[in-house]
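Notebook open, model loaded. I want to go through the salt bridges, the cores and a few single residues, and jot down what I find.

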Amino acid sequence: MIIPVINEIFKEDYTGNEIIEFHPNEHFIDQQDAADQERITDTNFIIYGKKKKKYHLECESSLPDGRMTIRLFEYDAQIALDEGEVINETLTVTFPNTAVLYLRNYKKTPDKMRYVIKTPGGTVEYDVPIMKVQEYTLEDIFSKGLLLLIPFYIFSHEKNFKVYNSNEQRLAELKAEYRSILERLDKLEQEGIIGAFDKRTIIELSGDVIREIAQKYENVQKGIGGMMSGALLETEARTILNRGKDEAKKETTLRMLQDGELPIDKVAKYSGLDIAEVKLLVGLQKV
């Protein structure tokens, strides 16, 4: 689910079939005469597309005050150093393509950050793009495949929590919006666009975020948080049920194979398994 977000931020054209290699989030800065300082990034990874590219994403929700830009550069420098190469006393470091996801919008939230690095060999400068999550509507999120943003969608309603908490009609409207999210996720799963694990993760993280930022609003917690918890339980129950159905199909198939009266294609037809799955069970029988 990270690929559409990268495409949106950096105007890439990844298809989703690329290999992604995630790297450790913990980085240590060596300091003379002092303990190493630990830096923990939100996520950094390499995408192997037409060419190898390194990416670093951070989430931020606080008011911009310049400290994030400094911290971001420290992270980038450490990521570059961790994978740097020294050949014939020449150090080569590669800085990642970096972006920040701002979960809350403020008047001071810029459209981008900028690095200007002055060195004896010349000045290097480039922009760090900012994705303002609250600027994306549900239609944007689903039409562009930005499903990674769904857990953070509740931030766009945060300023109205007090109203939702005391007004049943407004809370019902919010619940209807989240019901539509769950229905659209169900449809994507049925169409094979996302898997059961993807859907479960989105629902679980949505519930986590809601519980975290709506702690003071009991009715919002029960209404939306409860809806996410219910959907999560339903998803788990369906997974268990499907697992039971699969096991029943395999038992039926094994019995038919043991009888030896039907060819493989007929066994597949009557059992509901694919021919490839039936052949696999035939192989297991012979072991």
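How does Glu83 count by relative accessibility: buried, partly exposed or exposed? I looked it up, keeping in mind that this is a predicted model. Glu83 comes out at 32% relative accessibility, so I put it down as partly exposed.

**Entry: the Lys54 pair**

I picked Glu83 since it forms a salt bridge with Lys54, with the closest N and O atoms 2.9 Å apart. The two ends sit in distant parts of the chain, 29 residues apart: Lys54 is in strand β5 (residues 52-60), Glu83 in the loop between α2 and β6 (85-87). Lys54 has a relative accessible area of just 10%. The cut-off for buried is under 20%, so Lys54 counts as buried. I note the pairing of a buried lysine with a partly exposed glutamate.

**Entry: the chain as a whole**

I stepped back for the totals. The protein chain has 9 helices and 10 strands. It runs to 287 residues, of which 36% count as buried. I checked how the contacts spread along the sequence: among those with a separation of 6 or more, 54% are between residues 24 or more positions apart. The exposed area is about 17,500 Å², with 51% of it supplied by carbon and sulfur atoms.

**Entry: helix α2**

Next I tested the length of α2 (residues 67-82). With 16 residues at 1.5 Å each, the expected span is 22 Å, and the end C-alpha atoms are indeed 22 Å apart, so the two agree. Its buried residues are Met68, Leu72, Tyr75, Asp76, Gln78, Ile79 and Ala80. I marked Asp76 and Gln78 in that list, as they sit there with the likes of Leu72 and Ile79.

**Entry: more salt bridges**

The count comes to 18 salt bridges. Side chains of opposite charge can pair when their charged atoms come close. I looked up two pairs inside helices.

In α5 (residues 168-190), Glu173 and Arg170 are 3 residues apart, about one turn of the helix. Their side chains meet in a salt bridge, 3.4 Å from N to O. Glu173 is partly exposed at 41% relative accessible area, and Arg170 is partly exposed too, at 29%.

In α6 (residues 196-213), I found Arg211 bridged to Asp208, the closest N and O atoms being 2.5 Å apart. These two are also 3 residues apart, which puts about one helical turn between them. Why does that spacing suit a pair? An α-helix has 3.6 residues a turn, so residues three or four places apart point the same way. Arg211 is partly exposed at 36% and Asp208 is partly exposed at 35%.

I also found a network of salt bridges, which links Lys112, Arg114, Glu125 and Asp127.

**Entry: the cores**

Which residues have the most contacts inside the largest nonpolar core? They are Ile6, Leu57 and Tyr178, in a core of 48 residues. The largest share of this core comes from α5, with 7 residues. There is another core apart from it, with 8 residues, including Leu72, Tyr102, Met113 and Tyr115. Leu72 also turned up above, among the buried residues of α2.

I then followed Tyr178. Setting aside neighbours within four places in sequence, Tyr178 is in contact with Tyr153, Ile154, Ile210, Ile224, Met227 and Met228.

**Entry: the N-terminal end**

Met1 is in the segment before α1 (2-10). It is partly exposed, with a relative accessible area of 37%. What does Met1 touch, leaving out residues up to four places away in sequence? I get Leu147, Leu148, Asp198 and Ile202. The C-alpha atoms of Met1 and Leu147 are separated by 6.5 Å, though the two are 146 residues apart along the chain.

Glu8 is in helix α1. At 16% relative accessibility, Glu8 counts as buried. With residues up to four places away left out, Glu8 touches Met131, Tyr136, Lys144 and Leu146.

**Entry: a nonpolar patch**

Last, the surface. Leu81, Val86, Leu91 and Val93 make a nonpolar patch of about 350 Å². Of these, I placed Leu91 in strand β7 (residues 90-92).

Note on methods:
Residues are numbered from 1 along each chain as its sequence is written. This is a predicted model: local features need pLDDT of at least 70, side-chain atom pairs count only at pLDDT 80 or more; totals for chains, interfaces and linings use all residues. Side-chain values use heavy atoms; hydrogens and water are left out. Helices (H or I, at least four residues) and strands (E, at least two) are DSSP runs, numbered from the N terminus. Buried means under 20% relative accessible area, exposed over 50%, partly exposed in between (1.4 Å probe, protein chains only). Contact means heavy atoms within 4.5 Å. Accessible areas come from the Shrake-Rupley method with a 1.4 Å probe; for residues, only the protein chains shown count as cover. Patches are made of residues with over 30% relative accessible area and no salt bridge: like charges are joined within 9 Å, nonpolar side chains (Val, Leu, Ile, Met, Phe, Trp, Tyr) within 5 Å. A salt bridge is a side-chain nitrogen of Lys or Arg within 4 Å of a carboxyl oxygen of Asp or Glu. The expected span of a helix is 1.5 Å times one less than its number of residues. A nonpolar core is a set of buried Ala, Val, Leu, Ile, Met, Phe, Trp, Tyr and Cys residues joined through side-chain atoms within 4.5 Å.
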